[in-house]
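Please work through the following exercises with the sequence and the model side by side, trying each task before reading its solution.

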Amino acid sequence: MSGGPVIVGAGPAGIRAAQALAAAGLRPALVDEATKGGGQIYRRQPDGFTRDARTLYGTEAAKAEALHRTIDGLAIDHRPNTLVWNIEAGALDLLRDGRTERLPYSHLILATGATDRILPIPGWTLPGAYSLGAAQVALKYQGCGIGRRVAFIGTGPLLPLVASQYLKAGAEVVAVLDTARTADKLAALPGLLRGPAVLAKGLRLVAALKAGGVPMRYGARPLRILGTDRVEGLVWHDGERERRIDCDAVAFGTGLRSETQLADLAGCRFRFDPLNRAWLPERDAAGRSSVPGVYLAGDGAGIAGADAAELAGERAALALLEDLGRPVDRTRAARLEAKLAAIGRFRRGLERAFPFPAGWASRAPDDLVVCRCEEVSAGTLRATATRWNTPELNRLKALCRVGMGRCQGRMCGAAAAEILAAYRGVPVEAVGRLRGQAPVKPIPVAIGDAPEEAA
Ligand SMILES: Cc1cc2nc3c(=O)[nH]c(=O)nc-3n(C[C@H](O)[C@H](O)[C@H](O)COP(=O)(O)OP(=O)(O)OC[C@H]3O[C@@H](n4cnc5c(N)ncnc54)[C@H](O)[C@@H]3O)c2cc1C
């Protein structure tokens, strides 16, 4: 199949990749299901909303504006509002305005970003319970909060960040409860000092929360979200005893997880990455995957943040140009790789500061809903694993439908793997990973018709 270079994802990684290809005289297609380019962190508000960049992006306003200017000025084939729902035989299956079409590619850069890693808490399906990312999207995109009295629980850099954004927006932040302990933060300090500017931003967020009178606790253990028709409170354990807070919304999350399904469908080889605690598509320092002509950039191939995504996007584009035999500035390429390696070292410190909550899976009660699409509980996962003596996640999916619903395991896959591994007493990598299946996101049933080939 013919076709030119295609980039999936118009976030920091995809935009910088497109810019580098355009600078070399190519006209790549840049496909994104979002309405406007910017990605997660630099998500733009809908037409008619008038908040300024400082209000929307805080300290990152200049970076956001620079990135938006870049994509708006590029002479490329930008295709917003377009979902890539499959990759097969050198072509993408696209969905736009209810119609599907096939886009062949010669080279493919996947810059698909990340979403929240969800570790469910009893009560998490109540109206008023949101992931941290969703709570931020509500504020950043729609300009509204998830509640008036909001409790934040979990861990990861988004926890203090989104809480401080709610405080600034006028919500009452009733508590910020980090599952990481104070000892974790202290142990992480040497690693965090490798990125003093980011560390300083983090400390400023914590200071702003404290100055706003927000109770902040470390070593917290979420127990349950309370409510009948919607969220009314949160119960957690402080290490000594249970505590209860009244609130009308809860934002929870435990770091991010890479969106890897398209890399899977493109045939990329995966390996388990202990830092991300996830199976990730393999890539070399330049962003080349195990499949010739397929490149990986940004959080979609491992969480490293927006600055790293910009660098990785440009580096992957340079790799693509090298592979085409085009002249490439090798000093620039080496500098990008060196900066990415430095961010990688800082990231190890971040993971120490916000570690995965040990023991979460063994403590998950049997009646906890893990897969909300198919209503599969932790107890069903355990009973199925016992009944069929199943050591592997895809087998568990086939037997009890976990991860088989609308989200295709994007929300429940990580939690289900943790529960299966803890139950079998093996490391999480030993249970494997849910394989990517098309469609990676829901599409209309009518899309069974033969797709048209794009010009
Ligand atoms: C909800 C959320 C909020 C975040 N907020 C912050 C923050 O405030 N500050 C911060 O420092 N970091 C934040 N992060 C992390 C930060 O967004 C990332 O580090 C950064 O955006 C990574 O850039 P990227 O280009 O790799 O991916 P992204 O910016 O995530 O861009 C990926 C793009 O790919 C598109 N895409 C993915 N799959 C498909 C598909 N199948 N078809 C079509 N398009 C597709 C998406 O629509 C998206 O626009 C947040 C992450 C999330 C998930």
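**Exercise 1. Decide whether R44 is buried or exposed, and find its salt-bridge partner.**

Solution. R44 has a relative accessible area of 19%, and because buried means under 20% relative accessible area, exposed over 50% and partly exposed in between (1.4 Å probe, protein chains only), R44 counts as buried. Before going further, note that this is a predicted model, in which local features need pLDDT of at least 70 and side-chain atom pairs count only at pLDDT 80 or more, while totals for chains, interfaces and linings use all residues. Residues are numbered from 1 along each chain as its sequence is written, and side-chain values use heavy atoms, with hydrogens and water left out.

The next step is the partner: R44 forms a salt bridge (a side-chain nitrogen of Lys or Arg within 4 Å of a carboxyl oxygen of Asp or Glu) with D72, and the closest N and O atoms are 3.0 Å apart. This pair links distant parts of the chain, since R44 is in the loop between β2 and α2 whereas D72 is in helix α3 (residues 61–73), 28 residues apart; helices (H or I, at least four residues) and strands (E, at least two) are DSSP runs, numbered from the N terminus. D72, at 55% relative accessibility, counts as exposed.

**Exercise 2. Find how many salt bridges the rule gives, and describe the pair D47 and K36.**

Solution. The count comes to 33 salt bridges. Side chains of opposite charge can pair when their charged atoms come close. In the pair asked about, the side chains of D47 and K36 meet with 2.7 Å from N to O. D47 and K36 are both placed in the loop between β2 (29–31) and α2 (53–57), eleven residues apart. D47 is exposed at 66% relative accessibility, whereas K36, with a relative accessible area of 30%, is partly exposed.

**Exercise 3. Locate the two ends of the salt bridge between R269 and E282, then list the residues of the salt-bridge network.**

Solution. The closest N and O atoms of R269 and E282 are 3.1 Å apart. R269 lies in the loop between α8 (261–265) and β18 (270–273), and E282 in the loop between β19 (278–281) and β20 (294–296), so the pair ties together parts that are 13 residues apart in sequence. With a relative accessible area of 21%, E282 is partly exposed. As for the network, salt bridges link D284, R288, R315, E322, D323, R330 and E337.

**Exercise 4. Describe the surroundings of the ligand, beginning with the residues that come nearest.**

Solution. There are 30 residues around the ligand (a residue is near a molecule if one of its heavy atoms lies within 4 Å of it), and A13, D32, V84, Q136 and D299 come nearest. Sorted by class, this shell has 14 nonpolar, twelve polar and four charged residues. Among the elements that each supply at least two residues of the shell are α1 (12–23), β4 (83–88) and α5 (158–169), while the largest share, three residues, comes from α4.

The atoms can then be taken one by one. An oxygen atom of the ligand lies 2.6 Å from a polar side-chain atom of Q136, and a backbone N or O atom of Q40 is 2.9 Å from an oxygen atom of the ligand. For D299, an N or O atom in the side chain is 2.6 Å from an oxygen atom of the ligand. The protein covers 89% of the 980 Å² of accessible area that the ligand has on its own, where accessible areas come from the Shrake-Rupley method with a 1.4 Å probe.

**Exercise 5. Find the number of disulfides, and explain why C412 is in no bond with C371.**

Solution. The count comes to zero disulfides (pairs of cysteine sulfur atoms within 2.5 Å). For C407, the nearest cysteine sulfur is that of C373, 4.1 Å away. The sulfur of C412 is 4.0 Å from the closest cysteine sulfur, in C371, and this is too far for a bond. C407 is buried at 9% relative accessibility, and C412 is buried with a relative accessible area of 2%.

Conventions
A polar contact is a pair of N or O atoms within 3.5 Å; within protein, one must be able to donate a hydrogen and the other to accept it, and residues adjacent in sequence count only if both atoms are side-chain atoms. Ala, Val, Leu, Ile, Met, Phe, Trp, Tyr, Cys and Pro count as nonpolar, Asp, Glu, Lys and Arg as charged, and the others, Gly among them, as polar.
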